[in-house]
Amino acid sequence: MQQRKKINFEGQNIYIGIDVHLKNWSVTTITQSGYKKTHSQNSSARELFEHLRKHYPGGKYLAVYESGFTGFSTYYALKEYGIDCMVIHAADVPTTQYESVMKSDSMDSDKLAKALKTGTLKGIYVHRRENLDARGVVRLRKTLQINDVSLRIRFPLAYFSSPSL
């Protein structure tokens with residue numbers, strides 16, 4: 001009979017800080033007991049989920065990243081894989097002077113994971129995916145209204161202005 005020892009994080013929170021870039025992510029994971037590991041990977045929620053499932057099976061995954069150029073696409077992708085995610089404003093992350101001077105991707109992801117573990121972060125509101133199209137329609141309507149008003153003002157001025165002599 002062969003004895004097997006499997007790592008199991010059942011019932012434990014796994015805190016994940018992600019420094020998001022276009023082609024790669026710097027990811028720091030911290031377990032409830034304090035074990036910390038940082039790695040770099042391609043910018044893929046699936047790849048992150050497979051890494052977590054392999055190294056931290058059975059855990060409850062809690063992720064955080066700073067809002068930026070990617071918008072909420074990373075948030076929606078992580079949610080699809082069952083990873084609870086929080087998007088925060090970059091200015092809301094507590095930072096020491098050393099961290100602001102010696103800035104790196106791994107240090108940023110580490111800072112995010114630590115802040116998530118201590119509970120000092122407050123996420124920004126993320127719209128449901130279904131409401132994004134409606135939001136776009138409202139923005140388009142506002143733009144058309146502004147253009148309509150400006151045309152109503154400019155057209156008479158241009159039409160009735162006297163030609164220069």
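# Core, sheet and salt bridges

Q: Does Ile 18 count as buried or exposed?
A: Ile 18 shows a relative accessibility of 1%. Buried means under 20% relative accessible area, exposed over 50%, and partly exposed in between (1.4 Å probe, protein chains only). Ile 18 therefore counts as buried.

Q: What kind of model is this?
A: Residues are numbered from 1 along each chain as its sequence is written, and side-chain values use heavy atoms, with hydrogens and water left out. Local features need pLDDT of at least 70, side-chain atom pairs count only at pLDDT 80 or more, and totals for chains, interfaces and linings use all residues, since the model is predicted.

Q: In which strand is Ile 18 found?
A: Helices (H or I, at least four residues) and strands (E, at least two) are DSSP runs, numbered from the N terminus. By that count the protein has 5 helices and 5 strands. Ile 18 is found in strand E1.

Q: Which residue of H2 is in contact with Ile 18?
A: Contact means heavy atoms within 4.5 Å. Leaving aside neighbours within four places in sequence, the contacts of Ile 18 include Trp 25, Val 27, Leu 48, Ala 63, Leu 112 and Leu 78. The buried residues of H2 are Thr 74, Tyr 75, Tyr 76 and Leu 78. The two lists share Leu 78.

Q: In what order do the 5 strands form the sheet?
A: The sheet is open and its pairing is mixed. Two strands pair if DSSP finds at least two bridges between them. The order is E3-E2-E1-E4-E5.

Q: Which are the edge strands?
A: An edge strand here pairs on one side only. From one strand to the next, the twist averages 20 degrees. The edges are strand E3 (36–42) and strand E5 (84–88).

Q: What is the bridge partner of Val 20 in E2?
A: Strand E1 (residues 13–20) and strand E2 (residues 24–31) run antiparallel. They are joined by 7 bridges. In E2, Val 20 has as its partner Trp 25.

Q: At what angle does helix H1 run to E3?
A: Helix H1 (residues 45–55) lies across E1, E2, E3 and strand E4 (60–66). Axes are lines fitted to C-alpha atoms, for helices over the stretch in contact, and angles run from 0 to 180 degrees between N-to-C directions. Relative to E3, H1 runs at about 145 degrees.

Q: How many salt bridges does the structure hold?
A: Side chains of opposite charge can pair when their charged atoms come close. A salt bridge is a side-chain nitrogen of Lys or Arg within 4 Å of a carboxyl oxygen of Asp or Glu. In this structure the number of salt bridges is 7.

Q: How many residues apart in sequence are the parts tied together by Lys 36 and Asp 110?
A: The closest N and O atoms of this salt bridge are 3.3 Å apart. Lys 36 is partly exposed at 41%, whereas Asp 110 is buried at 11% relative accessibility. Lys 36 lies in strand E3 and Asp 110 in helix H4, so the separation is 74 residues.

Q: Which residues form a network of salt bridges?
A: Lys 36 pairs with Asp 110. Their network also takes in a further lysine. The linked residues are Lys 36, Asp 110 and Lys 114.

Q: Where does Arg 129 lie?
A: Arg 129 meets Glu 80 in a salt bridge of 3.0 Å, N to O. Glu 80 is exposed at 57%, and Arg 129 is partly exposed at 43%. Glu 80 sits in helix H2 (residues 73–80), 49 residues from its partner. Arg 129 lies in the loop between H4 and helix H5 (131–160).

Q: What is the N to O distance between Asp 108 and Lys 103?
A: Asp 108 is buried, at 5% relative accessibility. Lys 103 is exposed, at 56%. Their side chains meet in a salt bridge of 2.7 Å.

Q: What phi does Gly 82 take?
A: Gly 82 comes just after H2. Its phi is positive, at about 80 degrees.

Q: Which residues form a nonpolar patch on the surface?
A: Patches are made of residues with over 30% relative accessible area and no salt bridge; like charges are joined within 9 Å, nonpolar side chains (Val, Leu, Ile, Met, Phe, Trp, Tyr) within 5 Å. Areas come from the Shrake-Rupley method with a 1.4 Å probe; for residues, only the protein chains shown count as cover. Met 102, in the loop between helix H3 (97–101) and helix H4 (105–118), is partly exposed at 44%. The patch has about 340 Å² of accessible area together and is formed by Tyr 98, Val 101 and Met 102.
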